[in-house]
Amino acid sequence: MFVISNQPSDPDETEAEENPSEATSRSPVIWLVRWVLLTGDRRVLALFTEIVILLTLLTVGTVWEFEMERLVTETRAVQTLFNTLLGGIILFVSVVLSINTAALAQEFAPLQVKLARIEDSIEFQIELEELVDDGISPAGLQPFLQYVIRAIRSEAESIRTIDDSTTDERARTDLLALVDDIDTRLSLIEDRIRQTEPRISILLLSTLDYPYARHINVTRRLKATHKDALTESDQDSLAALLRILTILASGREYFTTLYFKRELRNLSSALLVLSLPVIVFTSYVLLAMDTGLFPQTTIPGIRSRLLYVNVAFVIALSPYVLLSSYMLRILTVSKHSLESTVFTLDSDVD
């Protein structure tokens with residue numbers, strides 16, 4: 001018999017999946033990791049990271065005392081560091097914008113190519129609507145996702161309550177195990193959607209851990225293993241469920257592509273806004289070091305030059321920190337969206 005359930009063995013983890021809001025309140029570490037990797041605003045994460053770096057540098061500079069005054073006035077180590085950062089920022093921003101420009105250039109296409117893409121999208125929606133008796137499928141991500149979830153639930157419920165279903169006990173147990181697992185996973189997605197704003201990133205992230213490849217594989221396996229025991233109604237319901245799961249998988253992967261494009265554009269615009277003030281500020285810091293002009297106001301217990309050199313260093317580092325915060329989420333999403341196929345790197349449970 002197929003064991004469809006892939007729930008964690010730890011009761012706390014099982015409860016966490018069933019009630020994510022309660023798990024979040026009880027597991028601040030899990031919430032923090034998820035916020036850093038996925039759900040947190042990237043600019044807020046970059047600011048928080050810079051504050052942590054600044055506090056770390058000030059703590060180290062205070063505990064492990066060294067003469068910043070002498071380092072600035074008698075050597076050129078600090079000037080060399082800021083010169084390197086200044087040149088790196090200019091080169092770094094140019095490379096990132098070039099990559100974004102190359103990605104944007106892929107959108108330039110002849111009219112017939114654009115028309116074919118639109119027609120493919122319409123055919124995709126028509127195929128889904130033929131399987132679902134629920135009107136025209138919406139175009140927005142959140143309504144579309146809810147539309148597909150309702151369709152999957154409808155097919156799963158028909159398998160659960162079908163009158164002329166198979167009388168084979170083993171086949172019936174496998175069918176119910178499949179629909180129960182699907183229902184649990186969809187409930188988790190719906191809970192996440194209700195708790196968040198309807199942004200493409202949040203909606204996409206809410207479906208990242210949905211094991212559509214495993215559900216597609218198990219559905220096909222059930223049809224092949226119990227083909228003699230399943231009734232015609234069972235076969236039809238499984239075929240419709242398989243097709244809707246395939247549509248959900250392809251739709252999620254397509255929206256993932258849209259998410260990557262939007263994330264790269266957000267990164268590029270944020271870097272453009274940030275880089276110019278940082279370049280001007282870093283240039284001013286170099287001039288201040290050459291002339292020896294530093295503010296004398298400081299925090300009690302911290303030398304003025306230690307404070308201002310570290311603040312200037314963190315500000316000069318901010319474009320790299322911003323890039324890291326965006327790339328952290330992009331890589332995390334990419335890790336969960338390796339390929340648009342029915343294959344998965346996770347172990348399959350038989």
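Let's start with the second largest pocket in this predicted model. Which residues lie nearest its centre? They are R117, D120, S121, Y254 and L258, out of 18 residues that line the pocket. Its volume comes to about 520 Å³. If you want to find the walls by helix, look at α7, residues 111-131, and α12, residues 232-291, as each of them supplies at least two residues of that lining. Sorted by class, the second largest pocket is lined by eight nonpolar, five polar and five charged residues.

Let me step back for a moment to the whole fold. How many helices and how many strands does the protein have? There are 13 helices and zero strands, so if you read along the sequence you just meet one α after another. The protein has 350 residues, and 39% of them are buried.

Now for the cavities. Rolling a probe the size of a water molecule over the atoms shows where empty space is left. In this structure there are three cavities of 30 Å³ or more. The largest cavity holds about 90 Å³ of space. It is lined by 10 residues, and L141, L145, T207, R252 and F255 are the ones closest to its centre. Helices α8 (141-161), α10 (200-206) and α12 each give two or more residues to this lining. Which element gives the most? That is α12, with four residues. The lining of the largest cavity has seven nonpolar, two polar and one charged residues.

On to the second largest cavity, with a volume of about 70 Å³. Here I can read you the full lining: N100, A103, L104, E107, K261, L264 and R265. Two or more of these residues come from α6 (77-105), and two or more from α12. By class, the second largest cavity is lined by three nonpolar, one polar and three charged residues. Keep an eye on α12 as you turn the model: it helps line the second largest pocket, the largest cavity and the second largest cavity.

Last stop, the outside. L47, I51 and L55 form a nonpolar patch on the surface, and together they have about 290 Å² of accessible area. To find the patch, go to helix α4, residues 42-63, where L47 sits. Is L47 buried or exposed? L47 counts as exposed because its relative accessible area is 51%, and the cut-off for that word is over 50%.

How values were computed:
Residues numbered from 1 in each chain as written. Predicted model: local features only at pLDDT ≥ 70, side-chain atom pairs only at ≥ 80, totals over all residues. Heavy atoms only, no water. Patch = residues over 30% accessible without salt bridge, like charges linked within 9 Å, V, L, I, M, F, W, Y side chains within 5 Å. Areas by Shrake-Rupley, 256 points an atom, 1.4 Å probe, with all protein chains shown as cover. Salt bridge = Lys/Arg side-chain N within 4 Å of Asp/Glu carboxyl O. Buried < 20%, exposed > 50% of the residue type's maximum accessible area, 1.4 Å probe, protein only. 1 Å grid on protein atoms, 1.4 Å probe; cavity = no way out; pocket = protein on both sides within 12 Å on 5 of 7 lines; lining within 4 Å. Points joined across faces, edges and corners; volume = space filled by probe spheres on them. Nonpolar A, V, L, I, M, F, W, Y, C, P; charged D, E, K, R; others polar.
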